[in-house]
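Thanks for coming. I have a short walk through one structure today, so please bring it up on your screens.

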Amino acid sequence: MEESHGGEKTRSRMCCICNQRRPALKRPKTLQQICRECFYVVFEEEIHKVIVDNNLFKPGERIAIGASGGKADSTVLAYVMSELNRRHNYGLDLFLLSVDEGITGYRDDSLETVKRNEVQYGLPLKVVSYKDLYGWTMDEIVKMIGLKNNCTFCGVFRRQALDRGAALLKVDKLATGHNADDIAETVLLNILRGDIARLSRCTSIITGEDGPIPRCKPFKYTYEKEISSVSYIAGIYSPNAYRGFAREFIKDLERIRLPRAILDIIKSGEDFRIATSTKMPEQGTCQRCGYISSQKWCKACVLLDGLNRGLPKLGIGRTRGVNNEHQQVKNLQGKACGSLDF
């Protein structure tokens, strides 16, 4: 009896899938005890199922993979996309696309990682820089604006830089490493901000179909913990990022309600229905650069104009394009001898 009980105990410590090897991790999504070999198989096949079920790609398409080199997400995405494309014969032309924000030390190291991925996976690499696109590096912007509001510049410029890089590569879609944790955070942020327009589209697995380059998220239902055991690497210039509050809140929910909370938040975001009477922003194009915008000028052009005119805080906050420009300039001039925070 004891031997039988001991045998049962031994078997219970085996991988719940193959029952041959000892488990190396507990899956946060299912709480299964699973060995490393089985985990790799299950992980990759789950991504393949998401790609197939959502018709993310078509044979012959050119796909850019957003590669930061600073987070595990993009590196794993490059590997998985390359492997699945070969294994399942997707017939895709894959490219790595990276943005050099001009952050000394931080970005230098991560670009080296991307260059290693280029060699390792045999994928062509395109790097676009803030300096070339906007005439400014993030180091230069931080010297002018300080640490408090720099995330606004980096986020806006980076998004547009990826689209511009994708256009240079003439790709059909841009695949990003946004995972389930990222999307759950975005749902909460949009609820907290009351941003109905973004809330209505933030859970979509393909976005920007009405813009220059559609974006897709193969990792939409994949937990960050499963992509890497490494902690989330925040940007070096984002000490007070608002997203950090949403991230900590989700981590607290995980502890209280188990990891299923992440997928539950995404499901809640998917189930939101916007009243037909709600007035939504109309998408147009920026009169200055031609990029998609709901205002006369896109956010990047407003921020860039402020930098070039020595008024770096001109575009920060809730502005309505160039319509509020004269009022903002007047406010800034009135505060020339005091704080520029408003």
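**Salt bridges, a sheet and its helices**

K49 is exposed, with a relative accessible area of 52%. Before I go on, please keep in mind that this is a predicted model.

K49 has a charged partner. Its side chain meets that of D53 in a salt bridge, at 2.6 Å from N to O. Where are these two residues relative to each other in helix α2? They are four residues apart in that helix, which covers residues 36-53, so about one helical turn separates them. D53 is partly exposed, at 47% relative accessible area. As general background, side chains of opposite charge can pair when their charged atoms come close.

Now a second pair. E61 forms a salt bridge with K173, and the closest N and O atoms are 2.8 Å apart. This one links distant parts of the chain: E61 is in the loop between α2 and β3, K173 is in strand β6, and the two positions lie 112 residues apart in the numbering. Are these residues buried or exposed? E61 counts as buried, because its relative accessibility is 12% and the cut-off for buried is under 20%. K173 is buried as well, with a relative accessible area of 9%.

The third pair is D305 with R288. Their side chains meet in a salt bridge at 3.9 Å, N to O. D305 lies in helix α13, residues 299-308, while R288 lies in the loop between β9 and β10, so the pair ties together parts that are 17 residues apart in sequence. D305 is buried, with a relative accessible area of 9%, whereas R288 is partly exposed at 44%.

There is also a network. E44, E45, E83, R86 and R87 are joined into one by salt bridges that share partners. How many salt bridges are found in the whole structure? The search finds 17.

Next, the helices α2 and α3. Two packed helices are described by the angle between their axes and the distance between the axes. For α2 and α3 the angle is about 75° and the axes are 11 Å apart. The two helices are therefore roughly perpendicular to each other. On the α2 side, the residues in the contact are F43, E44, E45, I47, H48 and I51. On the α3 side, they are V76, Y79, V80, M81, E83, L84 and R87. By class, this contact has eight nonpolar, one polar and four charged residues.

That brings me to the sheet. What is the order of its strands? It is an open sheet of six strands, ordered β5-β4-β3-β6-β8-β7, and the pairing is mixed. The edge strands are β5, residues 125-129, and β7, residues 206-207, each of which pairs on one side only. Helix α3, residues 72-87, packs on the sheet and touches β3, β4 and β6. The direction of α3 makes about 155° with that of β3. Helix α7, residues 150-169, lies across β3, β4, β5, β6 and β8, and runs at about 140° to β4.

Let me take the strands in turn, beginning with β3. This strand is mostly covered, with four of its five residues buried. β3 pairs with β4 in the parallel sense over five bridges, and I65 stands opposite L96 in β4. β3 is also joined to β6 by three bridges, again in parallel. Here I63 stands opposite K173, the residue that we met earlier as the salt-bridge partner of E61.

From β6 we can step on to β8. Two bridges join β6, residues 173-175, to β8, residues 215-216, and the two strands run parallel. L174 stands opposite R215 in β8.

Last, one residue from the edge strand β5, namely L125. L125 counts as partly exposed, at 22% relative accessibility. Which residues does L125 contact, leaving aside its neighbours within four places in sequence? They are L96, S98, V114, K115 and E118. L125 and L94 are 31 residues apart in sequence, and their C-alpha atoms are 9.5 Å apart in space.

That is the end of the walk.

Key. Residues numbered from 1 in each chain as written. Predicted model: local features only at pLDDT ≥ 70, side-chain atom pairs only at ≥ 80, totals over all residues. Heavy atoms only, no water. Pairing = 2+ DSSP bridges. Contact = heavy atoms within 4.5 Å. Axes fitted to C-alpha atoms, helices over the stretch in contact; angles between N-to-C directions. Salt bridge = Lys/Arg side-chain N within 4 Å of Asp/Glu carboxyl O. Buried < 20%, exposed > 50% of the residue type's maximum accessible area, 1.4 Å probe, protein only. Parallel < 35°, antiparallel > 145°, perpendicular 65-115°, else oblique. Nonpolar A, V, L, I, M, F, W, Y, C, P; charged D, E, K, R; others polar.
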